[in-house]
Amino acid sequence: MKIGNFLKELRKEKGITQAQLAETLNVSARTVSRWETGSNMPDISLLVDIADYYDISIPEIINGERKSEIMNEEERKIAKTMSDYATTEKEKIFKEMKIQSIMGVCALVLYWILHETDAYMYSDALEKLTGYCETLVSVSVIMMAAYTTGSLSKLRSKSWKFFMIENLPKPVRLIVSAVVAFCGAAMIKLALVHFFGL
């Protein structure tokens with residue numbers, strides 16, 4: 001609440017509306033409103049921009065009050081680095097989720113076509129492809145959940161240690177992680193089919 005009130009005071013000192021501030025920071029007016037009511041905090045990637053816009057330091061924002069000192073250049077660089085890192089991580093997660101979504105949708109469409117036309121009944125290869133697509137849909141959903149909760153990065157680091165591949169090239173580590181994730185998801189799918197008939 002203290003931070004929200006402070007941000008509201010700063011905005012009023014500038015003589016701008018929530019909508020104008022939102023446009024400047026490239027967020028929605030509702031997001032600015034949530035900051036000012038204390039129901040949400042600005043994302044770490046926006047703290048540098050807010051501090052620059054109001055000509056205050058990030059510690060002042062976090063403390064919810066003005067201090068006499070001005071953020072020095074070193075603090076500004078650290079805050080900017082943190083902001084860039086948070087933005088990069090978010091972009092990486094969104095990219096991975098987009099890939100998983102596309103794979104899942106393609107697998108679902110292919111599975112639907114093969115299943116609805118009964119094409120899978122006429123060939124062993126098509127039957128295997130149908131089963132693969134069905135598993136891939138489940139894997140995509142599980143992988144998206146793993147990305148959004150941060151579980152996948154933990155799974156990756158643990159699998160790297162477990163299989164002792166930390167020192168191998170990144171592509172090899174990613175392939176092993178993908179195989180481990182796929183096998184785990186396939187096992188979950190088999191368990192759901194076996195116990196619940198899903």
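# A tour of the helices

Start by selecting residues 18-25, which are helix α2, and residues 44-54, which are helix α4: these two pack at an angle of about 120°, with axes 11 Å apart. Keep in mind as you click around that you're looking at a predicted model.

How are α2 and α4 oriented to each other? Angles of 65 to 115 degrees count as roughly perpendicular and those over 145 as roughly antiparallel, so at about 120° this pair is oblique. Rotate the view and you can also follow how α2 passes α4 in a right-handed crossing.

Now show the side chains where the two helices meet. On the α2 side, pick Leu21, Thr24 and Leu25. On the α4 side, pick Leu46, Asp49, Ile50, Tyr53 and Tyr54. Together, those residues make the contact between the helices.

**Next stop: the two tyrosines**

Stay on α4 and zoom in on tyrosine 53 and tyrosine 54. How many aromatic pairs does the structure hold? Just one, and you've found it: the rings of tyrosine 53 and tyrosine 54 sit edge-to-face, 5.3 Å centre to centre, with 65° between their planes. That arrangement gets the edge-to-face label because the angle between the planes is over 60 degrees.

Switch on a surface and compare the two partners. Is tyrosine 54 buried or exposed? With a relative accessible area of 7%, tyrosine 54 is buried. Tyrosine 53 has 23% and is partly exposed, since the cut-off for buried is under 20%.

Before you leave, add lysine 14 to your selection. Lysine 14 lies over the face of tyrosine 53, at 4.6 Å from the ring centre.

**Then: a tucked-in glutamate**

Jump to helix α3, residues 29-37, and select glutamate 36. How accessible is glutamate 36? Its relative accessibility is 6%, so glutamate 36 counts as buried.

What does glutamate 36 touch, if you skip residues up to four places away in sequence? Select Gly4, Asn5, Leu7, Lys8, Arg11 and Gln18 to see these contacts. Gln18 takes you back to where you began, as α2 covers residues 18-25.

**Last stop: the whole chain**

Zoom out and colour by secondary structure. You should find nine helices and zero strands, so don't go hunting for arrows. Walking along the sequence, the pattern reads α-α-α-α-α-α-α-α-α.

Finally, try colouring by accessibility. The chain has 198 residues, and buried ones make up 28% of them. As for how the chain meets itself, take contacts between residues at least 6 apart in sequence: 55% of them join residues at least 24 apart.

Conventions:
Residues are numbered from 1 along each chain as its sequence is written. This is a predicted model: local features need pLDDT of at least 70, side-chain atom pairs count only at pLDDT 80 or more; totals for chains, interfaces and linings use all residues. Side-chain values use heavy atoms; hydrogens and water are left out. Rings of Phe, Tyr and Trp (its six-membered ring) pair if their centres lie within 6.5 Å; planes under 30 degrees apart count as stacked, over 60 as edge-to-face and the rest as tilted. Buried means under 20% relative accessible area, exposed over 50%, partly exposed in between (1.4 Å probe, protein chains only). A charge sits over a ring if NZ of Lys or CZ of Arg is within 6 Å of the ring centre and within 35 degrees of the ring normal. Axes are lines fitted to C-alpha atoms, for helices over the stretch in contact, and angles run from 0 to 180 degrees between N-to-C directions. Helices (H or I, at least four residues) and strands (E, at least two) are DSSP runs, numbered from the N terminus. Angles under 35 degrees count as roughly parallel, over 145 as roughly antiparallel, 65 to 115 as roughly perpendicular and the rest as oblique. A crossing is left-handed if the near helix is turned anticlockwise from the far one by less than a right angle, and right-handed if clockwise. Contact means heavy atoms within 4.5 Å.
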